[in-house]
Amino acid sequence: MPTCRPSYPIETARLSLRPFRADDQDDLLAIFSREDVTRYLYWPQLGPDEVREVLGRWTTQVAIEHEGEAISLAVCRRDSGALIGEAMLKLLSETDSQGEIGFMFHPDHHGQGFATEATRELLKLGFDDLGLHRIIGRLEARNRPSARVLERLGMRLEAHFRENEWVKGEWNDEQVYALLRSEWDAAGGQGA
Ligand SMILES: CC(C)(COP(=O)(O)OP(=O)(O)OC[C@H]1O[C@@H](n2cnc3c(N)ncnc32)[C@H](O)[C@@H]1OP(=O)(O)O)[C@@H](O)C(=O)NCCC(=O)NCCS
């Protein structure tokens with residue numbers, strides 16, 4: 001199984017993706033503590049102690065060598081250096097060569113294509129470095145902004161599960177988007 005050990009930072013036109021550091025605590029808390037960020041996530045708004053725990057985990061998630069491991073990166077604007085979000089790639093199955101992407105961004109930086117730009121880099125790591133066959137993105141069905149990011153990257157809606165999860169006191173629908181390596185290659189290794 002190929003491994004994924006990127007050299008950091010990963011730079012795009014407007015963004016710099018790097019491992020999380022302990023001093024990202026305040027910036028991450030500013031994202032996690034917002035109801036409009038956590039609305040469709042599995043967890044509620046987080047406080048300082050919970051964010052410290054997440055950050056402790058994320059600072060170590062910089063490479064993928066085994067099934068179940070993930071890379072979680074801090075996404076920073078190159079113009080200001082501000083930490084604006086997180087983008088993640090996980091190796092779901094080594095046998096089936098399957099991965100998953102995820103992301104969340106501070107609302108002050110929504111609507112400018114940053115999530116799409118950052119997540120494209122995680123797809124590149126998955127397909128080009130890890131050689132994955134298929135990468136998925138999962139979301140709560142009401143989370144249209146998240147679906148639009150996946151669609152802009154060329155991912156297809158493959159499944160809509162009706163009320164398959166009990167989250168925050170209500171039944172949620174889950175959608176699964178996916179992209180095959182052949183589709184990624186056909187799009188020139190950039191998504192749609
Ligand atoms: C999901 C989430 C990251 C999407 O954020 P977003 O700002 O809509 O996504 P992008 O950064 O890719 O920006 C895309 C928007 O910017 C616009 N845009 C402006 N300039 C752009 C540019 N240069 N390039 C691309 N898009 C641009 C696009 O038209 C698009 O707007 P639209 O969706 O109204 O058509 C954000 O809603 C979020 O963080 N939510 C909370 C956490 C969450 O739910 N995460 C997903 C869990 S499954």
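Let me start with one pair of side chains, those of E121 and K124, which are joined by a polar contact of 3.1 Å. Please keep in mind throughout that what we have on the screen is a predicted model. E121 sits in helix α4, and with a relative accessibility of 12% it counts as buried, because the cut-off for that word is under 20%. If we set aside the neighbours within four places in sequence, the residues that E121 contacts are I10, T12 and L17.

Helix α4 brings me to the ligand, since α4, which runs over residues 114–129, is among the elements that give two or more residues to the shell around the ligand. How many residues surround the ligand, and which are the closest? There are 21 of them, and the closest are F105, G111, A115, T116 and R148. By type, the residues of this shell divide into 10 nonpolar, seven polar and four charged.

Let me go through three polar approaches to the ligand one by one. A polar backbone atom of A115 is 2.8 Å from an oxygen atom of the ligand, whereas in the case of T116 it is an N or O atom of the side chain that lies 2.5 Å from a ligand oxygen. For N143, a polar side-chain atom is placed 2.8 Å from an oxygen atom of the ligand. As for how much of the ligand is covered, the ligand taken alone exposes 950 Å², and the protein buries 70% of that. The elements that contribute two or more residues to the shell are β5, at 98–105, α4, at 114–129, β6, at 134–140, and α5, at 144–152.

Which of these elements provides the largest share of the shell? That is α5, with five residues, and I would like to stay with this helix for a moment. Its buried residues are S146, A147, V149 and L150. Seen down the axis of α5, these buried residues fall within an arc of 155°, and therefore they line one face of the helix. As a general point, an α-helix has 3.6 residues a turn, so residues three or four places apart point the same way. The partners against which the buried residues of α5 pack are β5, α4, β6 and β8, the last of these being residues 170–180.

To take one residue of that face as an example, S146 lies in α5 and has a relative accessibility of 10%, so it counts as buried. Not counting residues up to four places away in sequence, S146 touches F103 and L139. Just after α5 the chain reaches G154, which takes a positive phi of about 90°.

Now to another helix, α1, which covers residues 25–32 and in which Q25, L28, I31 and F32 are buried. Why do we find these on the same side of α1? Because they cover an arc of only 125° around the axis. The buried residues of α1 pack against α2, at 35–38, α3, at 48–58, β4, at 83–93, and also β5.

From the α3 side, we can look at P48, which is found in that helix and is partly exposed, with a relative accessible area of 42%. Leaving out residues up to four places away in sequence, P48 touches Q25 and L29. The C-alpha atoms of P48 and A30, which are 18 residues apart along the chain, are separated by 9.7 Å.

Finally, a few points of backbone geometry that you may want to check on the structure yourselves. In general, most residues other than glycine have a negative phi, and most peptide bonds are trans. Against that background, the peptide bond joining Y8 and P9 is cis, with omega at about 0°, and P9 has its place in the segment before β1, which is residues 10–11. S97 is not a glycine, yet it has a positive phi of about 55°; S97 lies in the loop between β4 and β5.

Is S97 buried or exposed? At 16% relative accessibility, S97 counts as buried. K168, likewise not a glycine, has a positive phi of about 50° and lies in the loop between β7, at 156–167, and β8. With a relative accessibility of 43%, K168 counts as partly exposed.

Terms used
Residues numbered from 1 in each chain as written. Predicted model: local features only at pLDDT ≥ 70, side-chain atom pairs only at ≥ 80, totals over all residues. Heavy atoms only, no water. Near = heavy atom within 4 Å. Polar contact = N/O pair within 3.5 Å; in protein donor to acceptor, adjacent residues only side chain to side chain. Areas by Shrake-Rupley, 256 points an atom, 1.4 Å probe, with all protein chains shown as cover. Helix = DSSP H or I, 4+ residues; strand = E, 2+ residues; numbered from the N terminus. Nonpolar A, V, L, I, M, F, W, Y, C, P; charged D, E, K, R; others polar. Buried < 20%, exposed > 50% of the residue type's maximum accessible area, 1.4 Å probe, protein only. Contact = heavy atoms within 4.5 Å. Arc of directions from axis to C-beta.
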